[in-house]
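The exercises below concern contacts within and between protein chains. Work through each task before reading its solution.

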Amino acid sequence: MTGAVSAGRLGVVSCHACGLVCQDTLPQASHHRPVAESEACGNGARGRSHQVICPRCGAPLHRRRPNSIARAWALLLAGLIFYIPANVLPVMYTSLLGSGSDNTIMQGVIEFWKSGSYGIALVIFIASVLVPCTKFVVLGVLFATSQRGSRWAMKERAKLYRMVELVGYWSMLDVLVVAVVAALVKFQGLSDIEPRIGILFFGMVVIMTMLSAMSFDPRLIWDGDTE
Amino acid sequence: MKTFPHLVACEHCDSVYERTPLTPGQLARCERCDAILYRASRLDVDRWLALTIAAAIVFVMANVCPVIYISFKGMHNEATLWASAAALAHGPAAPIAVPTAMSIIIVPFLQISLLGWVLLYARFGKRAPGFERAMRMLVALRPWSMVEVCLLGILVAVIKLSGFLQVAPGAGIWATALLMILLTVIANRDIHWLWEMTEPARSAQKAQA
Ligand SMILES: [Zn+2]
Ligand SMILES: [Zn+2]
């Protein structure tokens, strides 16, 4: 194994989809400017829409994902906005023997805690409060530092990004709990559980933050590191 | 365009390394950012395919059998995975039923069928029709497969409901647990080497300009 040499210096680019390392025939200077049809050399490297595509799998080749940070910020912001109704509005309606009540996510956590199920209360709290909030902060920091080409704690930031990708989807937990519970408890008149609008917003938060993390190109973390 | 199949670029920091053969179970890490570059597979194609078929069977069971039974004042009810996703489709939160059904049913289904399709041909060193698209889809689908989150959700639901009614696990819950394990084994792995092992008659490849 050789030492770490960046793809940019070697004049190669790796395919996002299949990982093949290809000769870099993308136009210089800009990552986004389309390449002229004739400029792309033959051999299947020519895309229909002015793109250089991977000769092996056909995915478009980019040095960095196009508009990575702008898209990532937009999705993160959308997630942050949805997070407010997700917490304020009820996610579930429970009726038991005639008395019904709407429950928000935090009320659900508190209910578990009061009934002595500390473990479950903690799991839900982690999945629906701690993970999304940490994600907002971590992604915000990653986007801002990468935007400025910061060289601060690059290895740690790279690890942080991988951690966010790894745990992010566990936030779907609350949506799935509501789904299962609502499917089961359908005893007309006696007891009923129904999903409420809050769960839609909460699901959107999870999807938006996942998409935001995916839009971000982690290689941007290292781009300030020009040897 | 020149390609360099003997090289590997780190997805996380763009450092380029030469691929070196690994012993089974070993993995190669990026020196710069510590991300995993690639791993040696413990599974050969035959075993991989066998596990994929097993996953397909378990998937059917997980979807057909109810995951939980409940009873309350002499009345009974049960729920399957599909019924759970469908339960969200009523009321104002209805749109969330779509991503829910995707993450616990449709994405795992696609992962299993695409892998099965690709591996069936890879057994004979061939690329299945639509191989390129299937491989790209497998990479794109991976983060949206949430069977493990679903399983935890079912467990939380059991505990939540056991407070005021009788709850019993159904066969579907065991099938879901098994599906989670099998999916982790078959789908959360390095699929890059399928490209190399199915290279269409290496000499005929025109990529080496
Ligand atoms: Zn490719
Ligand atoms: Zn790296």
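A salt bridge is a side-chain nitrogen of Lys or Arg within 4 Å of a carboxyl oxygen of Asp or Glu. The model used here is a predicted one.

**Exercise 1. A salt bridge and its network**

Task: Apply the cut-off to the side chains of A:R64 and B:D14, then place B:D14 in its surroundings.

Solution.
Step 1. The N to O distance between A:R64 and B:D14 is 2.7 Å, and the two side chains meet in a salt bridge.
Step 2. Which residues are linked with this pair in a network of salt bridges? The network consists of A:R64, A:D217, A:R219, A:D223 and B:D14.
Step 3. In chain B, the loop between strand 1 (7-9) and strand 2 (15-18) holds B:D14.
Step 4. Buried means under 20% relative accessible area. B:D14 has 5%, so B:D14 is buried.
Step 5. The backbone of B:D14 has a phi near 70°, which is a positive value in a residue other than glycine.

**Exercise 2. The interface of chain A and chain B**

Task: Describe the contact of chain A and chain B by its area, its residues and its polar pairs.

Solution.
Step 1. The size of an interface is often given as the accessible area lost when the parts come together. Chain A and chain B bury about 6700 Å² between them. Carbon and sulfur atoms account for 74% of that area.
Step 2. Chain A brings 81 residues to the contact and chain B brings 74 residues.
Step 3. Between the two chains, 14 residue pairs are in polar contact, both residues being at pLDDT 80 or more. On the chain A side that touches chain B, helix 6 (residues 173-184) gives the most, with 11 residues.
Step 4. How many salt bridges cross the interface of chain A and chain B? The rule finds 4 there, while the structure holds 11 over all chains.

**Exercise 3. Two further salt bridges between the chains**

Task: Locate both partners of the pair B:E196 and A:R56 and of the pair A:K159 and B:D34, and decide for each residue whether it is buried or partly exposed.

Solution.
Step 1. Side chains of opposite charge can pair when their charged atoms come close. In the salt bridge of B:E196 with A:R56, the closest N and O atoms are 3.0 Å apart. This pair crosses between chains: B:E196 sits in helix 7 (residues 193-197) of chain B, and A:R56 in the loop between strand 3 (21-23) and helix 2 (68-88) of chain A.
Step 2. B:E196 has 22% relative accessibility and therefore counts as partly exposed. A:R56 has 8%, so A:R56 counts as buried.
Step 3. A:K159 and B:D34 also meet in a salt bridge, at 3.6 Å from N to O. A:K159 belongs to helix 5 (residues 154-167) of chain A and B:D34 to the loop between strand 3 (27-29) and strand 4 (36-39) of chain B, so the pair joins two chains.
Step 4. A:K159 is partly exposed because its relative accessibility is 41%. B:D34, with 26%, is partly exposed as well.
Step 5. Phi of B:D34 is near 75°, a positive value in a residue other than glycine.

**Exercise 4. The surroundings of B:S145**

Task: Find where B:S145 lies and what its side chain meets.

Solution.
Step 1. B:S145 is placed in the loop between helix 4 (131-141) and helix 5 (147-161) of chain B.
Step 2. Its relative accessible area is 9%, so B:S145 is buried.
Step 3. The side chains of B:S145 and B:Q111 are joined by a polar contact of 2.9 Å.
Step 4. With neighbours within four places in sequence left aside, the contacts of B:S145 are A:Y169, B:S103, B:V107, B:P108, B:Q111 and B:L183.

**Exercise 5. A nonpolar patch**

Task: Name the residues of the nonpolar surface patch and find the element that gives the largest share.

Solution.
Step 1. A:W113, A:Y118, A:L122, A:I126 and A:L130 make a nonpolar surface patch of about 510 Å².
Step 2. Helix 4 (residues 118-147) of chain A supplies the largest share, 4 residues.
Step 3. A:L122 lies in helix 4 of chain A. The relative accessible area of A:L122 is 47%, so A:L122 is partly exposed.

How values were computed. Residues numbered from 1 in each chain as written. Chains lettered and ligands numbered in written order. Heavy atoms only, no water. Patch = residues over 30% accessible without salt bridge, like charges linked within 9 Å, V, L, I, M, F, W, Y side chains within 5 Å. Areas by Shrake-Rupley, 256 points an atom, 1.4 Å probe, with all protein chains shown as cover. Buried < 20%, exposed > 50% of the residue type's maximum accessible area, 1.4 Å probe, protein only. Contact = heavy atoms within 4.5 Å. Buried area = accessible area lost by both parts, 1.4 Å probe. Polar contact = N/O pair within 3.5 Å; in protein donor to acceptor, adjacent residues only side chain to side chain.
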